[in-house]
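Student: Before we begin, I would like to learn how the words used for a structure follow from the numbers behind them. Could we look at one together?

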Amino acid sequence: MKNVVVFSTPSCPWCVKVKQYLKANQIDFKDLDVSVNVRAAQDMIRKTGQMGVPQIWVDNQAVVGFDKAKLDRLLNL
């Protein structure tokens with residue numbers, strides 16, 4: 001089972017889409033709202049150097065934005 005973490009904000013439409021995509025493919029994930037979780041936001045920026053969301057980490061490999069092809073590959077879909 002893959003460890004999947006989504007860094008998102010409630011106002012981000014692409015964040016909603018990526019979470020819908022993961023749910024549709026029955027992928028369990030942890031959702032971290034970086035608009036209220038400062039520690040998660042700092043961790044996200046430290047790892048990728050990017051402030052944009054969504055960021056999806058699959059087994060600690062970062063995907064910045066809803067890159068379906070990369071997600072499919074990392075999730076073996």
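Student: What makes Phe7 and Trp57 count as buried or exposed?

Tutor: Phe7 is buried, and Trp57 is buried as well; the word buried stands for under 20% relative accessible area, exposed for over 50%, and partly exposed for what lies in between, with a 1.4 Å probe and protein chains only. Keep in mind that this is a predicted model, in which local features need pLDDT of at least 70 and side-chain atom pairs count only at pLDDT 80 or more, while totals for chains, interfaces and linings use all residues. Residues are numbered from 1 along each chain as its sequence is written, and side-chain values use heavy atoms, with hydrogens and water left out.

Student: Why is the pair of Phe7 and Trp57 called tilted?

Tutor: Rings of Phe, Tyr and Trp (its six-membered ring) pair if their centres lie within 6.5 Å, and planes under 30 degrees apart count as stacked, over 60 as edge-to-face and the rest as tilted. The ring centres of Phe7 and Trp57 are 4.4 Å apart and their planes stand at 50°, so this pair is tilted. Because Phe7 lies in strand 1 (residues 4-8) and Trp57 in strand 3 (residues 55-58), the pair ties together parts that are 50 residues apart in sequence. Helices (H or I, at least four residues) and strands (E, at least two) are DSSP runs, numbered from the N terminus.

Student: What makes the pair of Tyr21 and Phe66 tilted?

Tutor: Here the centres of the rings lie 5.4 Å apart and the planes of Tyr21 and Phe66 are at 55°, so this pair is tilted. Tyr21 belongs to helix 1 (residues 13-24) and Phe66 to the loop between strand 4 (61-64) and helix 3 (68-75), so that the pair links distant parts of the chain, 45 residues apart. Trp14 joins Tyr21 and Phe66 in one aromatic cluster.

Student: How do you know whether Tyr21 is buried or exposed?

Tutor: Tyr21 has 14% relative accessibility and therefore counts as buried. Phe66, with a relative accessible area of 26%, is partly exposed.

Student: Why does Asp72 count as it does, buried or exposed?

Tutor: Asp72, which lies in helix 3, counts as buried because its relative accessibility is 16%. Leaving aside residues up to four places away in sequence, Asp72 touches Tyr21 and Leu77, where contact means heavy atoms within 4.5 Å. Leu71, Leu74 and Leu75 are among the other buried residues of helix 3, and the cover over the buried residues of this helix includes strand 1, helix 1, strand 3 and strand 4.

Student: Why are Gln26 and Asn76 placed where they are on the scale, buried or exposed?

Tutor: Gln26 has a relative accessible area of 72% and is therefore exposed, and Asn76 counts as exposed because its relative accessibility is 61%. Gln26 has a positive phi of about 55° although it is not a glycine, and it sits in the loop between helix 1 and strand 2 (30-33). Asn76, found just after helix 3, also takes a positive phi of about 55°.

Student: How do you know how the chain compares with a compact globule?

Tutor: The radius of gyration is taken over C-alpha atoms, and the globule rule is 2.2 Å times the number of residues to the power 0.38. For 77 residues, a compact globule would have a radius near 11 Å, and because the chain has 11 Å, the two agree.
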